[in-house]
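Let's take a walk through this structure together, one neighbourhood at a time. Have the model open beside you as you read.

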Amino acid sequence: MKDAHLPLSKCLLVSTRVVEETSYVEKRSALAYEYVSYFEALGYTLILVPSNSSNVERYLSMPYDGVVLTGGNTVSLLDSANAEVEGIYPERDEVEKILLEGAISAGKPLRSMISKGSISGLLSSAKRAGKR
């Protein structure tokens, strides 16, 4: 029988996208099935980081091997003027910015499914905020 528990050294922190229910008001953190299938086939356990997490540092303090920033939603670059544009979720941008900074700081591999410009924007906003 195959061991159901993978070692923690095979864990990835994975960001999630925001999906809004259309029949009633509710935002959800979501991950496409393809991500799960792909990374599990490589032997990884995925630790999903919700798009609205207020404690991303807790996830970064866990043992993990890398970070995956998933695609989807429009990156606002943490510009509050964009908050009313459909598909922009500043809370997700903040979570991904912290994951990005954490991976870089810890020297962990980073896989991004978002555009190069979006990553640059997240890094620039982090520098402007002067948080880390």
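A residue is called buried when its relative accessible area is under 20%, exposed when that area is over 50%, and partly exposed in between. Keep in mind as we go that this is a predicted model. With those cut-offs, arginine 28 is partly exposed, because its relative accessible area is 36%. Glutamate 26 belongs to the partly exposed class too, at 32%.

These two residues are a good place to start, since they are partners: arginine 28 makes a salt bridge with glutamate 26, and the closest N and O atoms are 2.6 Å apart. Side chains of opposite charge can pair when their charged atoms come close. The pair does not stand alone, for Glu21, Glu26 and Arg28 are linked in a network of salt bridges. Across the whole structure, the search finds 5 salt bridges.

Now look at the strands in this part of the chain. Strand β2 covers residues 17-20 and strand β3 covers residues 27-30; the two run antiparallel and are joined by 4 bridges. Together they make a hairpin, with 6 residues between the strands. If you want a point of register, find valine 18, which stands opposite serine 29 of β3.

What ties the hairpin to a later part of the chain? Glutamate 91 forms a salt bridge with lysine 27, their closest N and O atoms being 3.3 Å apart. This pair links distant parts of the chain, with glutamate 91 in helix α3 and lysine 27 in strand β3, 64 residues apart. Glutamate 91 has a relative accessibility of 27%, so it counts as partly exposed.

Follow that contact into helix α3 itself, residues 90-106. At 1.5 Å a residue, its 17 residues should span 24 Å, and the end C-alpha atoms are indeed 24 Å apart, so the expected and modelled spans agree. Many positions here are buried, among them Val95, Ile98, Leu99 and Leu100. Charged residues are on that list as well, including Asp93, Lys97 and Glu101.

One charged pair within the helix deserves a closer look. Glutamate 96 forms a salt bridge with arginine 92, with 3.0 Å between the closest N and O atoms. Both residues lie in α3, 4 residues apart, which is about one turn of the helix. An α-helix has 3.6 residues a turn, so residues three or four places apart point the same way. Are these partners buried or exposed? Glutamate 96 is at 2% relative accessibility and therefore counts as buried; arginine 92, also at 2%, is buried too. After the helix comes glycine 107, whose phi is positive, near 70°.

Let's finish with the aromatic residues. The structure has 2 aromatic pairs. In one of them, the rings of tyrosine 38 and phenylalanine 39 have centres 4.9 Å apart and planes at 80°, so the pair is edge-to-face. In the other, phenylalanine 39 meets tyrosine 44 with centres 6.4 Å apart and planes at 80°, so this pair is edge-to-face as well. Phenylalanine 39 takes part in both pairs, and Tyr38, Phe39 and Tyr44 form one aromatic cluster. Phenylalanine 39 counts as buried because its relative accessibility is 8%, while tyrosine 44, at 23%, counts as partly exposed.

Tyrosine 44 has a charged neighbour too: lysine 10 lies over the face of its ring, 4.5 Å from the ring centre. A similar arrangement places lysine 108 over the face of tyrosine 64, at 5.1 Å from the ring centre.

How values were computed:
Residues numbered from 1 in each chain as written. Heavy atoms only, no water. Expected span 1.5 Å × (residues − 1). Buried < 20%, exposed > 50% of the residue type's maximum accessible area, 1.4 Å probe, protein only. Pairing = 2+ DSSP bridges. Salt bridge = Lys/Arg side-chain N within 4 Å of Asp/Glu carboxyl O. Phe/Tyr/Trp six-rings, centres within 6.5 Å; stacked < 30°, edge-to-face > 60°. Lys NZ or Arg CZ within 6 Å of the ring centre and 35° of its normal.
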